[in-house]
Amino acid sequence: EARKFLRPGKNEEGWWTAEHLLDQVINYAIPIFEAKYPNAIGVFTFDNSTNHGAMAKDALNINNMNVNLGGKQARMRSTFFGPNNTFQLMVFPSNHPIFPNQPKGMKQILIERGLWYDGLIGHCQLCKLKIDDITRTDCCMHKILSLEEDFKSQKSQLQEEIEKKGHICIFYPKYHCELNYIEMYWGAAKRYTRENCNYTWSSLQKTVPEALDSITLITIRKFARKSWRKSKSNPLSIQPRMQIPGLNTSFGKPYGLSGKTLEGDFQDFLANVQGRTVKTETLKVENVKELFS
């Protein structure tokens, strides 16, 4: 089964990490899905936790780069950049006469892309403080590279691995757990645990699996429909809507959830789904198990 348990703590099995998650999804959840629904395309949805957004060690992650070459910085994968899709190595080749196999660093990457100018600093204070300003595009090396399309489009390792398996990975909008029905599932499981556990470790090991099993598939589907209704709870949010081919449901643009607006986050979510639908043409009735049936 796909469930995984660990004994938490510094002197025990540690804490749940991105590596645990990848192992669970790739080696257990996906094979189970494929065995149960042969030739189907799975749609795996996640919230925006740190583990879900973790990138691969060789991913194009500006936060893992130094200003200068070498040193303790990530050895990143090669990439393509610019309107002509120009190939670029992020690490000097092994036959380089001076810096064989050394990571290039931000300055060298910018020089090769023609984006370097004298006096450019590595990371300015405004960017360190994460102060957004759409007019500030070349204040530091970090900012310039973060706006490059290949860096902007870098996916998390979780998404990359799921897509390698031929399935689809999407993420819920940030800060809106009411759209993710697994939260209701956890709530029901915790309530069962509180009512049936004396909170010793041995009791928890016995009760938690029972709690997870106590929630029926019918109840889980009710949770899913409830989250779906919340996403359309505001009568002003009906338009625009997008129908996913082959599925008996559609996305609306919700406003005012929890006193906030989703705006960009939810639109990114919709664009992500819509783009993958158009690109892969795999969301069909015969290929996808309908989640909200």
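Where helix H8 meets helix H10 in this predicted model, the residues involved are Met184, Tyr185 and Ala188 on the H8 side, and Ile220, Phe223, Lys226 and Ser227 on the H10 side. Sorted by class, that contact has five nonpolar residues, one polar and one charged. As for the geometry, the axes of H8 and H10 come within 8 Å and cross at roughly 135°, which makes H8 oblique to H10, and the crossing is right-handed.

Let me stay for a moment with Ile220, which belongs to helix H10, residues 217-231. Is Ile220 buried or exposed? The answer lies in between, because its relative accessibility is 23%, and buried would require a value under 20%, so Ile220 counts as partly exposed. If we set aside the neighbours within four places in sequence, Ile220 is in contact with Tyr181, Tyr185 and Ile215. Its C-alpha atom is also separated by 8.4 Å from that of Met184, although the two residues are 36 apart along the chain.

Now to the other partner of H8, which is helix H9. Helix H8 spans residues 182-196 and H9 spans residues 201-213, and their axes come within 9 Å, again crossing at roughly 135°; the two are therefore oblique to each other, with a right-handed crossing. On the H8 side the contact is made by Tyr185, Trp186, Ala189, Tyr192, Thr193 and Asn196, while H9 supplies Leu204, Thr207, Glu210, Ala211 and Leu212. By class, this contact has seven nonpolar, three polar and one charged residues.

One residue to look for on the display is Tyr185, which takes part in the contact of H8 with H9 and also in the contact of H8 with H10.

Notes
Residues are numbered from 1 along each chain as its sequence is written. This is a predicted model: local features need pLDDT of at least 70, side-chain atom pairs count only at pLDDT 80 or more; totals for chains, interfaces and linings use all residues. Side-chain values use heavy atoms; hydrogens and water are left out. Axes are lines fitted to C-alpha atoms, for helices over the stretch in contact, and angles run from 0 to 180 degrees between N-to-C directions. Helices (H or I, at least four residues) and strands (E, at least two) are DSSP runs, numbered from the N terminus. Angles under 35 degrees count as roughly parallel, over 145 as roughly antiparallel, 65 to 115 as roughly perpendicular and the rest as oblique. A crossing is left-handed if the near helix is turned anticlockwise from the far one by less than a right angle, and right-handed if clockwise. Contact means heavy atoms within 4.5 Å. Ala, Val, Leu, Ile, Met, Phe, Trp, Tyr, Cys and Pro count as nonpolar, Asp, Glu, Lys and Arg as charged, and the others, Gly among them, as polar. Buried means under 20% relative accessible area, exposed over 50%, partly exposed in between (1.4 Å probe, protein chains only).
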